Amino acid sequence: MNDDAAPRFGTSKVRRVPPPTDETWWDAYSQALRRSGIARTSRDVISDDAEYVVRKGILGVGMPEEGRWPSSRERLGLVMGAVQSGKTASMLAVAAKALDLQTSAVLILAGTRTALWRQTFERTVEQLDTLSRPTGRRVMIPPRSVLDDLTSGTDLSTLYSVTAQRARRAVERNQPFVGVVMKNVAHLERMARTLHSTIYPAAETAGRQFHLLVIDDEADDSSVMDSGGAVEVTLEQRQIPRRIVDLWESRSTRGETSSPNLFATYLAYTATPQANFLQDPDNPLAPRDFVVSLRTPGAEGDPSVRSPSYRVPEGVDAWYTGAEMYYRTLVGTHLCQTIDGRAADEVLKDSIRAYLIATAIRHLRDPTRLGPASSRTEVFADREEATKRAAKPASMLIHPGAGTDQHFAVAKAIMRWSAGEDGPDIPDLRGGRTLRVAGIESDMDQNEERWLFWFSSYERSASDIEAEFQLPEPRRVPARSEWRDIRRLILDEVVPATEVAVINSDENADDRPGFSPVEVDGAWRAAPNLSTIFVSGNVMSRGLTLEGLTTTLFTRSSDDPLADTQMQMQRWFGYRGSYLDLCRVFLTSSQLHLFKSYHENDEALRREILDAMTSGTTAPDVTVLQGRTFRATGKISDARGVRLWPGPKPFIRHMNPPGQDEHNLRVVSELFSEPTHPTDRRMARRGRLLTRTLDLAEAASLLDRLRYVDHGPGPESAEAARWKSVERHAGLTAASEFAPLYRSPLVPESTDLGTLSVYSIAAYLRLWAAALERRIPGMVTTDEPPVSWSLIDLDVRSEQQPRFRVGLRMGTFEPLTTGPLAGVRPMDRELVGNDLKATWGSRNRAEGGLRGDELFDYELLGEQPRLTGSGARSPGSDGLILFHVIGRPGGQATIAVGLGLPLGGPDHVQARRNDDN
């Protein structure tokens, strides 16, 4: 690349300073990606996304020395990945490219537990820190030798220490500092102390500008500053956000870095950023400068276009198998098994049967490898031979709930079942957790059909996946006639190697799993976890990946479901395409519905960010969605849900002051110069109804014609931003006839009417018209009960779209003598300032047995209303726009307006803070 060439992204020119040798950090890391098996197309996309993060995000205003950074010398951004999608690969790619652009220090905040921290530390050492002569190229914090000593604990007094001499020499030689820091108060405090006492002073003494990049892995976990929500947070966890900021700020100068020569970028990485976006934007870690969404390899998409996924030539084996696969593309393949109405113990046994059969089939498909039991006893010459010849790790996950007692109880139940009715009682699990053959064999004899069921189930899913993705070769599934051979394989090789592991915070729980070959006393052995049934809860819902996970039993439930928390529990996501037909998730239908809804909202958020990236908006005002039955997050204490739908009977009570409503009176007068329905004398006194009706777009345009002297948020308002976000969700471009959805005029010092504004309702009607032509992620219908908009028949909805009747409601006041509506009798209604005290009137049939005004059109036409049990207009019914002529002092009148909206339109629930207006 030409060092003086313009960058690929943005307009800021970023100077690339060559490293001391021709070997770059990115070159070394790219080779590590290749060695790990990531194919060329995916490596290119990882590189492209990382380049965007660095140039448009971290250095979006240029290099620090160019003088265009904010006065705080801080930049804060967020990168959104997907659950189990490989965010660490992107993090290390960003680190490599930032280091090649002479970033002074890169700190990766890795996990709140030692196991997760060590996992990231090991990967950083193995894949990023691979330059030749590394000690002369960087300062590693902690030093690599720490990995060999972690078994004996960590000494925080020296773990993150750097001598003044070493810091001074590194700064003078332009050697960067690369650190992996646990997201723990004590660890962060030690790292901050080293930075402020040793490293930053060395840079100041040398007269150098120092750029710190902090990459926060799982940034929604403990890094969101809030007073406290539904998620229990310890006092130590509440301190973590402030401790992170301490890495570059001092307590005496909040809001800017601790030194004029210090520049800092905080980069949050997470798959579930709901809390990050919903926190107070003034919080010191809120992503206010840039937001990026990563892409994943999948069934469709062009790598050169920014969309949620991109297709790779390697096919399904290299795809990310996430929510799109489980809940949409392969919904008919029964990867998800609902367990409603089934006994808990039988579901547990059946899921284990499914796992043991799947593990046996995987072995049959790779006959060059040893079986799991044989692999455990074999001694291999080296790591390469162990990796090639030993059985691939296989896993099952049981997630019964958050309580650790539940985990041990389930583990005991599994062991008791595997021991058989005549087996020993198992008062605890200290006697070993390897499955017993006796009970499994007995169950095979007594419940053979339940075992054979999984042959046909896997055969169907294999056939469906072959057809869906046009696989070149069929995936072998044994026939029922091979049962005896499979049975023997399970009893001889799979069961004796299958252990039950409890992974939780209890002191009696097992250590973190190991899926790589290990060296023991100079000899190489297969991975410790070749076939494991993991029983776990919250500990397993973040960070750790279960290799070879085929079977999940998810029986956890919640009275207050939180989308971000439960999304992280979907450990069955990942790169499982090569054995996707053998994957099964057992769960209730209600939980499955929640997971599908989470995916809809996640897709909406991701597409909004990608759209903003494409249009050049680095820090979009994104919309976080939740549902009617679940919240987006429990980490923000004052979050609430705001529906897009204004309800079935919205009424705008706000009016202009007397004598200042000439425009609206004229709009109504012109409208009702058109033909109206004939009525009897009784109804004629009550009002009029236009003969013609309006479609959705025409109704929206009519409402947009109204004007108020004190209300008009304008196109740059928060309400306009909300609807701009909806446009991105809906995929509306500027060329669309429906864009912009929100068309409010600008009135200085506008009165806030919230969502009950004619302009907001007009935007909703326009959205409804646009939604009839497209499937919008995150949207549901306003039906009773609601249905996902992505699942409806758009042709049917188009036929059912409402047309709006337009009425004029009059009253018993003396007729108006002047103005556009001269001769009309206004209504006598109680007011509070310029607002009606109440909304719809005439509810008690007091006026000659009339229905309420919300059914004005039905009454005037003598029709029977089509209403739901809640009193709303049924889908397919006509809507109503009813203008109310309200009498004011001095023979004046002003206009109020109410609407009757039939059900069947689009809706979503936006999560917002209470102070976010």
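How many bridges join strand β23 to strand β26, and do these strands run parallel or antiparallel? The points below address this question and the surroundings of both strands.

1. The structure under review is a predicted model. In it, strand β23 (residues 804-809) and strand β26 (residues 879-888) are joined by six bridges, and the two strands run parallel. One pairing may be located by residue: V806 has I881 of β26 as its bridge partner.

2. Both strands belong to an open sheet of five strands, whose order is β20-β27-β26-β23-β21. The pairing within this sheet is mixed. At its edges lie β20 (651-652) and β21 (687-689), each of which pairs on one side only.

3. Helices also pack on the sheet. Helix α21 (residues 662-671) touches β23, β26 and β27 (892-900), and the direction of α21 makes about 65 degrees with that of β27. Helix α23 (residues 696-704) likewise packs on the sheet and touches β23, β26 and β27; the direction of α23 makes about 20 degrees with that of β26.

4. A separate point concerns two helices, α12 (residues 344-365) and α15 (residues 404-419). Their axes come within 11 Å and cross at roughly 70 degrees. Because angles of 65 to 115 degrees count as roughly perpendicular, α12 is described as roughly perpendicular to α15. The crossing in which α12 passes α15 is right-handed.

5. Which residues make this contact? From α12 they are L348, K349, I352 and R353, and from α15 they are V410, A413, I414 and W417. Taken by character, six of the contact residues are nonpolar, two are charged and none is polar.

How values were computed
Residues are numbered from 1 along each chain as its sequence is written. This is a predicted model: local features need pLDDT of at least 70, side-chain atom pairs count only at pLDDT 80 or more; totals for chains, interfaces and linings use all residues. Side-chain values use heavy atoms; hydrogens and water are left out. Axes are lines fitted to C-alpha atoms, for helices over the stretch in contact, and angles run from 0 to 180 degrees between N-to-C directions. Helices (H or I, at least four residues) and strands (E, at least two) are DSSP runs, numbered from the N terminus. Angles under 35 degrees count as roughly parallel, over 145 as roughly antiparallel, 65 to 115 as roughly perpendicular and the rest as oblique. A crossing is left-handed if the near helix is turned anticlockwise from the far one by less than a right angle, and right-handed if clockwise. Contact means heavy atoms within 4.5 Å. Ala, Val, Leu, Ile, Met, Phe, Trp, Tyr, Cys and Pro count as nonpolar, Asp, Glu, Lys and Arg as charged, and the others, Gly among them, as polar. Two strands pair if DSSP finds at least two bridges between them.
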